[in-house]
Amino acid sequence: GLKRLLSTPDFRRRFEVQSGEFVKELEKDPTNAYAKLLKFYAGFPEIAEYKNPETGDTILHDAVMNYLNAQPFGILEVVILIHMGASLHTKNNEGISAKDFALQGGNTIIKELVALEKPTIDDVYT
């Protein structure tokens with residue numbers, strides 16, 4: 001049932017709309033961004049299992065790419081999603097995992113973070 005829910009266009013649209021609105025709010029007031037992101041993702045506990053039916057990308061793939069594309073909150077999303085159970089090793093349709101994206105991306109911070117396998121918020125700041 002969860003797999004079917006996650007692959008429905010309605011679930012994807014609902015998450016994408018709410019996510020877009022949330023990011024705009026967070027950009028206006030980034031105070032306590034980690035706590036706000038935790039609260040947002042708590043409203044979508046099943047999202048850690050999400051895999052785009054067209055590309056095979058997981059939500060963790062998206063978070064890594066967000067960070068690599070200069071979205072500052074992407075790194076916090078990576079930590080949160082890993083702790084929610086999202087796998088760094090799930091491969092998309094091209095055979096690339098979120099960890100592969102991070103390692104190929106050229107950003108030292110994300111490379112060091114995914115090398116830890118279970119990073120914490122403290123690891124982000126150190």
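**Exercise 1. Place Q71 and decide whether Q71 is buried or exposed.**

Solution.
- Location: Q71 sits in the loop between α4 and α5 (74-83). Helices are DSSP runs (H or I, at least four residues), numbered from the N terminus.
- The model is predicted: local features need pLDDT of at least 70, side-chain atom pairs count only at pLDDT 80 or more, and totals for chains, interfaces and linings use all residues. Residues are numbered from 1 along each chain as its sequence is written, and side-chain values use heavy atoms, with hydrogens and water left out.
- Accessibility: the relative accessible area of Q71 is 17%, so Q71 is buried. Buried means under 20% relative accessible area, exposed over 50%, and partly exposed in between (1.4 Å probe, protein chains only).
- Contacts: Q71 touches V23, N66 and E77, leaving aside residues up to four places away in sequence. Contact means heavy atoms within 4.5 Å.
- Distance: Q71 and M84 are 13 residues apart in sequence, and their C-alpha atoms are 21 Å apart in space.

**Exercise 2. Describe the surroundings of H61.**

Solution.
- Start with the element. H61 belongs to helix α4 (residues 59-68).
- Check the burial. H61 has 0% relative accessibility, so H61 counts as buried.
- List the neighbours. Not counting residues up to four places away in sequence, H61 touches G56, T90, K91, N92, I96, S97, A98 and F101.
- Look for a polar atom pair. A polar atom of the H61 side chain lies 3.3 Å from the backbone nitrogen of A98.

**Exercise 3. Work out which residues of helix α7 are buried and why they line one face.**

Solution.
- Pick out the buried residues. In α7 (residues 108-115) they are I110, L113 and V114.
- Look down the axis. The buried residues of α7 fall within an arc of 90°, so they line one face of the helix. The arc is that of the directions from the helix axis to the C-beta atoms.
- Recall the geometry. An α-helix has 3.6 residues a turn, so residues three or four places apart point the same way.
- Turn to the other side. There, E112 and A115 are exposed.
- Find the cover. The buried residues of α7 are covered by elements including α4, α5, α6 (98-104) and α8 (121-125).
- Inspect both ends. N107 caps the N-terminal end, with a side-chain oxygen 2.9 Å from the backbone nitrogen of I109. After α7 comes E117, with a positive phi near 70°.

**Exercise 4. Count the aromatic pairs and classify F22 with F40.**

Solution.
- Set the rule. Rings of Phe, Tyr and Trp (its six-membered ring) pair if their centres lie within 6.5 Å; planes under 30 degrees apart count as stacked, over 60 as edge-to-face and the rest as tilted.
- Count. The rule gives 6 aromatic pairs.
- Classify. The ring centres of F22 and F40 are 4.6 Å apart and the planes are at 10°, so the pair is stacked.
- Map the pair. F22 lies in helix α2 (residues 9-28) and F40 in helix α3, so the pair ties together parts 18 residues apart in sequence.
- Check burial. F22 is buried at 14% relative accessible area. F40 counts as buried at 12% relative accessibility.
- Extend. F40 and Y41 form an edge-to-face pair, 5.5 Å centre to centre with 80° between the planes. Y41 is buried too, at 2% relative accessibility.
- Assemble. F15, F22, F40, Y41 and F44 form one aromatic cluster.

Terms used:
Helices (H or I, at least four residues) and strands (E, at least two) are DSSP runs, numbered from the N terminus. A polar contact is a pair of N or O atoms within 3.5 Å; within protein, one must be able to donate a hydrogen and the other to accept it, and residues adjacent in sequence count only if both atoms are side-chain atoms.
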